[in-house]
Amino acid sequence: MKGRIALGAVAGVVVIGVASANAGQNGDGGTSGGSAEGSSASAQREAGGEQGEAGGKGAHRAAAAEKKAAFPGDDFPVGSDVKPGTYRTTGNSDGMCYWERAKDASGEMDSLLANDDVTGTSYVTVKTTDKLFTSSDCNDWEAVADRAKGSPASRMAGDGGMFGVGADIAPGTYRSTGNTDDSCYWERAKDAEHGIDSVLANDNVNGTAVVEVSASDAYFKTTGCKDWTKTG
């Protein structure tokens with residue numbers, strides 16, 4: 001179960017500089033999502049993420065930065081159990097993956113630096129100033145380079161989560177069609193800290209979305225959208 005209400009939102013996203021062209025076309029819908037820190041780039045999740053049981057407290061040691069880091073439990077002190085750096089989790093398909101960065105172990109809302117509910121893939125940068133990293137019901141986290149290299153694709157799943165620009169997807173113009181009920185959320189981000197300052201542009205979409213993903217962007221996030229295809 002998720003440990004507390006996620007600041008990462010489902011609906012009512014506050015648009016931070018939109019870079020899409022939306023048409024009023026209709027089609028099948030999906031789920032939705034967003035990301036946030038403190039003063040969030042999106043509103044609080046409407047349905048779910050309420051505080052519930054957390055699975056037993058973990059004493060699980062994170063692997064060295066260059067190796068896979070398994071975070072199967074709950075709370076991990078930064079610097080001992082989790083080294084600062086950027087981590088990735090993939091293949092989260094049931095909507096139950098929840099993570100948070102915290103400035104202390106008080107468990108209070110004011111201690112939250114950033115958090116999110118994840119479908120698909122998520123990247124998170126744990127900073128040296130963080131005190132606690134919490135992960136529940138997520139697939140294992142793997143340490144990755146801040147700007148990892150790869151064989152970038154020209155298509156991405158509309159509910160795939162976060163994609164590294166230049167590693168997972170190629171920069172360029174992407175199009176998603178047939179989105180309904182403002183359920184499609186996309187976001188261009190300059191880093192994986194998930195703060196309000198991380199967001200370069202975002203939007204909730206009805207109909208068609210067209211987004212220019214820049215080579216200087218670090219990540220592109222998509223939840224609840226129809227699949228994206230590179231058109232230019």
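Q: A residue counts as buried when its relative accessible area is under 20%, and as exposed when that area is over 50%. Does Lys221 count as buried or exposed?
A: In this predicted model, the relative accessibility of Lys221 is 6%. The cut-off for burial is under 20%. Because 6% satisfies that condition, Lys221 counts as buried.

Q: With which residue does Lys221 form a salt bridge?
A: A salt bridge joins a Lys or Arg nitrogen to a carboxyl oxygen of Asp or Glu within 4 Å. For Lys221, the closest N and O atoms of the pair are 2.4 Å apart. The partner of Lys221 is Asp116.

Q: How many residues apart are Lys221 and Asp116?
A: Lys221 belongs to strand β11, whereas Asp116 belongs to strand β4. The pair therefore links distant parts of the chain. The separation between Lys221 and Asp116 is 105 residues.

Q: What is the relative accessible area of Asp116?
A: Burial requires a value under 20%. Asp116 meets this condition and is buried. Its relative accessible area is 2%.

Q: How many salt bridges does the structure hold?
A: The pair of Lys221 and Asp116 is a salt bridge, and Asp130 with Arg101 is another. The total for the structure is 5.

Q: Which side chain meets that of Asp130 in a salt bridge, N to O at 2.6 Å?
A: The N to O distance of 2.6 Å belongs to the pair of Asp130 and Arg101. Asp130 lies in the loop between β4 and β5 (132–136) and Arg101 in strand β3 (residues 85–102), so the bridge ties together parts that are 29 residues apart in sequence. Both residues are buried. The side chain that meets Asp130 is that of Arg101.

Q: Where does Glu193, the salt-bridge partner of Lys127, lie in the chain?
A: The closest N and O atoms of Lys127 and Glu193 are 3.7 Å apart. Lys127 is in the loop between β4 and β5, 66 residues from its partner. Glu193 lies in the loop between β9 (172–189) and β10 (199–213).

Q: What is the relative accessibility of Glu193?
A: Partly exposed residues fall between the limits of 20% and 50%. Lys127, with a relative accessible area of 33%, is partly exposed. Glu193 also counts as partly exposed, and its relative accessibility is 25%.

Q: How many aromatic pairs are counted?
A: Two rings form a pair if their centres lie within 6.5 Å. By this rule, the count of aromatic pairs is 5.

Q: Are the planes of Tyr123 and Tyr219 stacked, edge-to-face or tilted?
A: The ring centres of Tyr123 and Tyr219 are 4.8 Å apart, with the planes at 45 degrees. Stacked planes are under 30 degrees apart and edge-to-face planes over 60. Because 45 degrees meets neither condition, the pair is tilted.

Q: In which strand is Tyr219?
A: Tyr123 is in strand β4 (residues 112–126), 96 residues from Tyr219. Both tyrosines are buried. Tyr219 is in strand β11.

Q: At how many degrees are the planes of Phe220 and Trp228?
A: The centres of the two rings are 5.3 Å apart, and both residues are buried. An edge-to-face pair needs planes over 60 degrees apart. Phe220 and Trp228 form such a pair, because their planes are at 85 degrees.

Q: What is the phi of Asp181, a residue that is not a glycine?
A: Asp181 is placed in strand β9 and counts as exposed, at 68% relative accessibility. Asp182, also in strand β9, has a positive phi near 55 degrees. For Asp181, phi is positive, at about 60 degrees.

Q: How many strands does the protein chain have?
A: Every element in the run from the N terminus is β. The chain has 0 helices, and its number of strands is 12.

Q: Which strand has the lowest mean pLDDT?
A: The mean pLDDT of the chain is 75. Among its elements, strand β12 (residues 228–230) has the highest mean, 98. Over residues 1–68 the pLDDT is below 50. The lowest mean, 48, belongs to strand β1.

Technical notes
Residues numbered from 1 in each chain as written. Predicted model: local features only at pLDDT ≥ 70, side-chain atom pairs only at ≥ 80, totals over all residues. Heavy atoms only, no water. Phe/Tyr/Trp six-rings, centres within 6.5 Å; stacked < 30°, edge-to-face > 60°. Helix = DSSP H or I, 4+ residues; strand = E, 2+ residues; numbered from the N terminus. Buried < 20%, exposed > 50% of the residue type's maximum accessible area, 1.4 Å probe, protein only. pLDDT = per-residue confidence, 0-100. Contact = heavy atoms within 4.5 Å.
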